[in-house]
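Visitor: I am new to this structure and would like to be led through it slowly. Could we look at it together, one question at a time?

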Amino acid sequence: MLRAPHVRSAVAVIVAIALSLALPVSPASAAGTVPAKPGLVNYVGASLTSLTVDWADIPGATSYYVYANTSHDLVTRPAQPINQKVTSSKATVTGLKPGVAYFIQVRGVSATGMGPRSSPVAHETITAQATLPAGSPSYLAVSWNVCSNVCSGFSTRKNVINKRITELAPDIVALQEASKYTTPPSGYTFAYNGQNDILIRNGRFTRVAAKSGGATSGAVLFPSQYASAGKGMSWAAVRHSSGAYLLVVDTHLVVGTSASVVRQRQYEAGKLADAVTATLTKLNKTHRSLTDWTKAPVMIVGDLNTHKSRVGDGTMAALEKRGWHDAYDQARTLSLQHYNTANPTMSLTPFTSVTWGDHIDKVLVRPSRSVVYSWKNAGKTAGGKWIGPLGSDHHPLAVRVGLR
């Protein structure tokens, strides 16, 4: 014979159901999952004592833990303390030391638990910045290896290159591997035309006139000391519409990763610094009436064929010892830092370098005499892909800088 359910038990069931309907439950708790691993963490801002990062929102995460330290090993250790907790997918880490590299990781947090940490990313705080007079001009410089000889189809690609230059409207353009590049886009003039081209924007810059026995543009090849040499450097003395004078240097150091090539590249880095000093000294002898060229602003632009992830490559260390730093490390803002400017296969899928960015195309500045307002990989993108047709096996690098 069937028995009726116990009254007390039935009431308890009804109350439990009512409570479950009334109490709010977070999506992550309802699903019983922790937040997913964050995607790429991007550095978007820097100062002398802070670094700002952002990342895509993680579904289910109600907050984020941010970890920061001065090495990969330290920031990834399980016992690494949390630097801060934030409720949005952006954080500024403060209280840092100038000119020091910091590694950052983030992870999502929900009522269910903590998600996995992101891949660690690294960037330096700004080493130093100049105090520029009010109204000082800033210059947008583009560096672009256009591969006019080794890469095929240059007769078509040069139109893509000129179109992109026109779109970006830089004040200065430095092109490497440019021996077949002979016609700049409308509105631009060659300050130097050769293997390493220097273009200036009409109305913004003019070439300094040469004098008898005193050139205002030229090229320097570096000797083959340990391996076959790179393409050296070109240079041009120019005058800005504000009246300021500037020395622009375009360089292309030797490519390769063998021990002998690395030694050659480090050697060329020293020769590059020497050549810049010698050029300023010569200009001062022949054009001292215009300005004291030994104190003139200088911008070095080019393909240096080195990046921070290459262990044992001291090319940048040699240049930093002489006072030259990568604008990437000195920039107040960054854009597309993980998409490499080099693209050897000319693929529309970006080559991504997570930790450092691994850019071999650079603008070099003297930190105490410059302000780097922005650094941008200036290849055109849509939906996470490069927009074709591509102009070269490199993408243009655009940097805005103020100099004194």
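The questions and answers that follow deal with a pocket and with some salt bridges.

Visitor: How much space lies in the largest pocket?
Guide: Please keep in mind that this is a predicted model. Rolling a probe the size of a water molecule over the atoms shows where empty space is left. For the largest pocket, the space found comes to about 520 Å³.

Visitor: Of the residues that line the largest pocket, which are the closest to its centre?
Guide: The lining of this pocket is made up of 26 residues, and they divide into 10 nonpolar, 10 polar and six charged. Those closest to the centre of the pocket are Glu177, Val255, Asp303, Asn305 and His394.

Visitor: In which helix do Glu167 and Arg164 both lie?
Guide: Side chains of opposite charge can pair when their charged atoms come close. The side chains of Glu167 and Arg164 form a salt bridge, with 3.0 Å from N to O. The two residues stand three residues apart, about one turn of the helix, and the element that holds both is helix 4 (residues 154-168).

Visitor: Does Arg164 count as buried or exposed?
Guide: Its partner Glu167 has a relative accessibility of 38% and counts as partly exposed. For Arg164 the value is 13%, and the cut-off for buried is under 20%. Because 13% falls under that cut-off, Arg164 counts as buried.

Visitor: How many residues apart in sequence are the parts that Asp329 and Lys308 tie together?
Guide: The side chains of Asp329 and Lys308 meet in a salt bridge at 3.5 Å, N to O. Asp329 belongs to helix 7 (residues 327-330), while Lys308 sits in the loop between strand 16 (298-303) and helix 6 (315-321), so the parts that this pair ties together are 21 residues apart.

Visitor: Which residue is linked with Lys308 and Asp329 in a network of salt bridges?
Guide: Within the network, Asp329 is buried at 2% relative accessibility, whereas Lys308 is partly exposed, with a relative accessible area of 37%. The residue linked with these two in the network of salt bridges is Glu124.

Visitor: What is the relative accessible area of Asp326?
Guide: Asp326 and Lys362 meet through their side chains in a salt bridge of 3.1 Å, N to O. This pair links distant parts of the chain, with Lys362 in strand 19 (residues 361-365) and Asp326 in strand 17 (residues 325-326), 36 residues apart. Lys362 counts as buried at 4% relative accessibility, and Asp326 is buried as well, with a relative accessible area of 7%.

Terms used: Residues numbered from 1 in each chain as written. Predicted model: local features only at pLDDT ≥ 70, side-chain atom pairs only at ≥ 80, totals over all residues. Heavy atoms only, no water. 1 Å grid on protein atoms, 1.4 Å probe; cavity = no way out; pocket = protein on both sides within 12 Å on 5 of 7 lines; lining within 4 Å. Points joined across faces, edges and corners; volume = space filled by probe spheres on them. Nonpolar A, V, L, I, M, F, W, Y, C, P; charged D, E, K, R; others polar. Salt bridge = Lys/Arg side-chain N within 4 Å of Asp/Glu carboxyl O. Helix = DSSP H or I, 4+ residues; strand = E, 2+ residues; numbered from the N terminus. Buried < 20%, exposed > 50% of the residue type's maximum accessible area, 1.4 Å probe, protein only.
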